[in-house]
Amino acid sequence: MKKPVIDLDACEGCGSCVEMCPEVFEMQDDGKAHVIAPEKCDSCDCQAAADICPVEAITFVEE
Ligand code: SF4
């Protein structure tokens with residue numbers, strides 16, 4: 001399974017990925033998006049969320 005990973009140093013907290021995949025990504029108190037449920041990429045288009053990220057902070061790793 002491909003699992004999304006966010007580079008927290010790069011994330012600028014725009015929230016676009018959370019808008020596209022709210023079950024997978026969540027804004028947290030540090031003002032950055034975090035992956036809360038990588039397995040739920042099945043229910044949205046995580047690749048599109050990665051593509052829309054303005055700083056290319058979302059990448060994928062094979063599990
Ligand atoms: S789209 Fe990119 S920069 Fe915006 S919150 Fe998500 S990971 Fe951060």
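Me: By class, which residues make up the shell around the ligand, and how many of each?
Reply: This is a predicted model. Cys counts as nonpolar, and Gly counts as polar. Sorted that way, the shell has ten nonpolar, three polar and one charged residues.

Me: Which of the 14 residues around the ligand come nearest?
Reply: A residue is near the ligand if its C-beta atom lies within 6 Å of it. Around this ligand there are 14 residues, and those that come nearest are Cys 11, Cys 14, Cys 17, Ala 33 and Cys 53.

Me: Which residues make up the largest nonpolar core?
Reply: Members of a core must be buried, and they are joined through C-beta atoms within 7 Å. The largest such core has twelve residues in all. They are Cys 11, Cys 17, Cys 21, Val 24, Phe 25, Ala 33, Cys 41, Cys 46, Ala 49, Cys 53, Ala 57 and Ile 58.

Me: Which residues does Ala 33 touch, not counting residues up to four places away in sequence?
Reply: Ala 33 belongs to the largest nonpolar core. Ala 33 is also among the residues that come nearest the ligand. It touches Ile 6, Cys 11, Gly 13, Cys 17, Val 18, Phe 25, Glu 26 and Met 27.

Me: What pattern does the chain follow, read along the sequence?
Reply: Count the elements to begin with: there are two helices and four strands. Now put them in sequence order. The pattern is β-α-β-β-α-β.

Me: What is the radius of gyration of the chain?
Reply: The chain has two helices and four strands. For 63 residues the globule rule gives 11 Å, and the chain's value is close to that, so the chain is as compact as a globular protein of that length. Its radius of gyration is 10 Å.

Me: What percentage of the 63 residues of the chain count as buried?
Reply: To count as buried, a residue needs 20 or more other C-beta atoms within 10 Å of its own. Of the 63 residues, the share that passes is 21%.

Me: Where is Gly 13 found?
Reply: Gly 13 has 14 C-beta neighbours inside 10 Å, so it counts as partly exposed. Leaving aside neighbours within four places in sequence, Gly 13 is in contact with Met 27, Gly 31, Lys 32 and Ala 33. Its place in the chain is the loop between strand 1 (2-6) and helix 1.

Me: What distance separates the C-alpha atoms of Asp 30 and Gly 13?
Reply: Asp 30 sits in the loop between strand 2 (25-27) and strand 3 (33-35). Along the chain, Asp 30 and Gly 13 are 17 residues apart. Their C-alpha atoms are separated by 9.0 Å.

Me: Is Glu 56 buried or exposed?
Reply: Glu 56 lies in the loop between helix 2 (46-52) and strand 4 (58-62). Its phi is positive, about 50°, although Glu 56 is not a glycine. A residue with 12 or fewer other C-beta atoms within 10 Å is exposed. Glu 56 has 10, so it is exposed.

Me: Is Glu 19 buried or exposed?
Reply: Glu 19 is in helix 1, residues 16-20. The cut-off for exposed is 12 or fewer other C-beta atoms within 10 Å. Glu 19 has 11, so it counts as exposed.

Me: Which residues is Ala 50 in contact with, leaving aside its neighbours within four places in sequence?
Reply: Ala 50 lies in helix 2. It has 19 C-beta neighbours inside 10 Å, so it counts as partly exposed. The contacts of Ala 50 are Pro 4 and Ile 58.

Definitions and conventions: Residues are numbered from 1 along each chain as its sequence is written. This is a predicted model: local features need pLDDT of at least 70, side-chain atom pairs count only at pLDDT 80 or more; totals for chains, interfaces and linings use all residues. Two residues are in contact if their C-beta atoms, placed from the backbone, lie within 7 Å. The radius of gyration is taken over C-alpha atoms; the globule rule is 2.2 Å times the number of residues to the power 0.38.
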